[in-house]
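Subject: The structure I promised you

Hi there,

Here is the structure for you to look through. Open it up next to this email, and then read on for what turned up.

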Amino acid sequence: MSALADHIVSGYDADLNALNAQISEMGSLTETMLSDVIRSLNKRDNELAEAVIKQDSKVNRLQREVDENSMRIMALRHPMASDLRRVIGAVRVANDLERVGDLSEGVAKRTLSLNEVDRISHAKGVARMGKMVKAQLSQALDALLREDADLAVQVWLADEDIDEMYNSIFRELLTYMMGDPRTISACASLLFVAKNLERIGDHAINICEAIYFTVNGSQLISDSRVIKARKGGK
């Protein structure tokens with residue numbers, strides 16, 4: 001290989017590594033935001049909630065940088081095959097992580113409102129749901145770091161547990177509001193929090209689909225093995 005060709009390959013690798021580093025930083029930041037906002041909800045910690053709100057601008061900045069760098073790589077490097085999938089996957093993941101940051105910010109703002117009224121016992125159930133979502137996001141990010149499509153599939157298949165928990169919390173809070181109209185405002189805030197957490201889980205699932213596409217070059221939802229597993233087949 002000539003010195004020029006060697007230099008081009010080295011520069012290309014550096015570009016891809018820089019893109020991966022930005023995604024990793026976004027993942028770490030959003031994971032921390034989610035963890036902190038769940039803790040702020042559980043501990044009624046306004047300071048921590050306010051810190052989460054301030055972090056969202058950093059996530060937004062990183063997402064813009066990923067978009068810009070991805071476009072530059074595609075324009076200058078013309079990636080193909082697995083490299084192209086890696087760049088496309090990075091854009092998809094960055095978009096989902098940006099939404100995780102927005103949703104965590106939304107939970108933090110609602111937490112500040114909840115902390116102004118008496119605690120509702122159902123808040124603990126919502127906090128437990130938050131911990132499940134946090135574990136889901138952590139596993140998805142672990143699969144992303146390792147480019148582990150099998151782990152991504154496992155996380156994707158487990159999403160129904162969070163959906164069921166959200167539905168249970170929704171029914172409980174609705175019943176509680178009907179029984180005591182004075183709790184409507186606080187319960188509505190908790191429903192908002194629970195819905196945001198459920199949506200964060202959806203974005204974790206999107207990340208798993210992006211990982212699967214990057215590694216295998218096909219869509220996870222069209223994999224017959226995965227479909228069979230989801231339906232309880234052998």
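One term before we start: a residue is called buried under 20% relative accessible area, exposed over 50%, and partly exposed in between. Take arginine 99: its relative accessibility is 27%, so it counts as partly exposed. Also keep in mind that this is a predicted model.

Now for the salt bridges. Side chains of opposite charge can pair when their charged atoms come close. Searching the whole structure gives 13 salt bridges. Here are some to look up.

Start with arginine 99 again, since its partner is aspartate 102, with the closest N and O atoms 3.1 Å apart. Both sit in helix 3 (residues 81-114), and because they are three residues apart, about one helical turn separates them.

Helix 4 has a pair of this kind too. Arginine 146 and aspartate 142 form a salt bridge there, at 2.7 Å from N to O. They are four residues apart in helix 4, which is about one turn of the helix. Are these two buried, partly exposed or exposed? Arginine 146 has a relative accessible area of 49%, so it is partly exposed. Aspartate 142 has a relative accessibility of 30%, so it counts as partly exposed as well.

Next, find arginine 77 and aspartate 15, whose closest N and O atoms are 2.9 Å apart in a salt bridge. This pair links distant parts of the chain: arginine 77 is in helix 2 (residues 46-77) and aspartate 15 is in helix 1, 62 residues apart. Arginine 77 is partly exposed, because its relative accessible area is 28%. Aspartate 15, on the other hand, has a relative accessible area of 13%, so it is buried. There is a third member to look for as well: Arg72 joins Asp15 and Arg77 in a network of salt bridges.

Last, the surface. Which residues make up the positive surface patch? They are Lys43, Arg119, Lys124, Arg128 and Lys131. Helix 4 (residues 123-146) gives the most to the patch, with three residues. Lysine 43 belongs to helix 1 (residues 3-43). Its relative accessibility is 59%, so lysine 43 counts as exposed.

Have a click around and tell me how you get on!

Cheers

Definitions and conventions
Residues are numbered from 1 along each chain as its sequence is written. This is a predicted model: local features need pLDDT of at least 70, side-chain atom pairs count only at pLDDT 80 or more; totals for chains, interfaces and linings use all residues. Side-chain values use heavy atoms; hydrogens and water are left out. Patches are made of residues with over 30% relative accessible area and no salt bridge: like charges are joined within 9 Å, nonpolar side chains (Val, Leu, Ile, Met, Phe, Trp, Tyr) within 5 Å. Accessible areas come from the Shrake-Rupley method with a 1.4 Å probe; for residues, only the protein chains shown count as cover. A salt bridge is a side-chain nitrogen of Lys or Arg within 4 Å of a carboxyl oxygen of Asp or Glu. Lys and Arg count as positive and Asp and Glu as negative; His and the chain ends are not counted. The place of a charge is taken as NZ of Lys, CZ of Arg, CG of Asp or CD of Glu. Helices (H or I, at least four residues) and strands (E, at least two) are DSSP runs, numbered from the N terminus. Buried means under 20% relative accessible area, exposed over 50%, partly exposed in between (1.4 Å probe, protein chains only).
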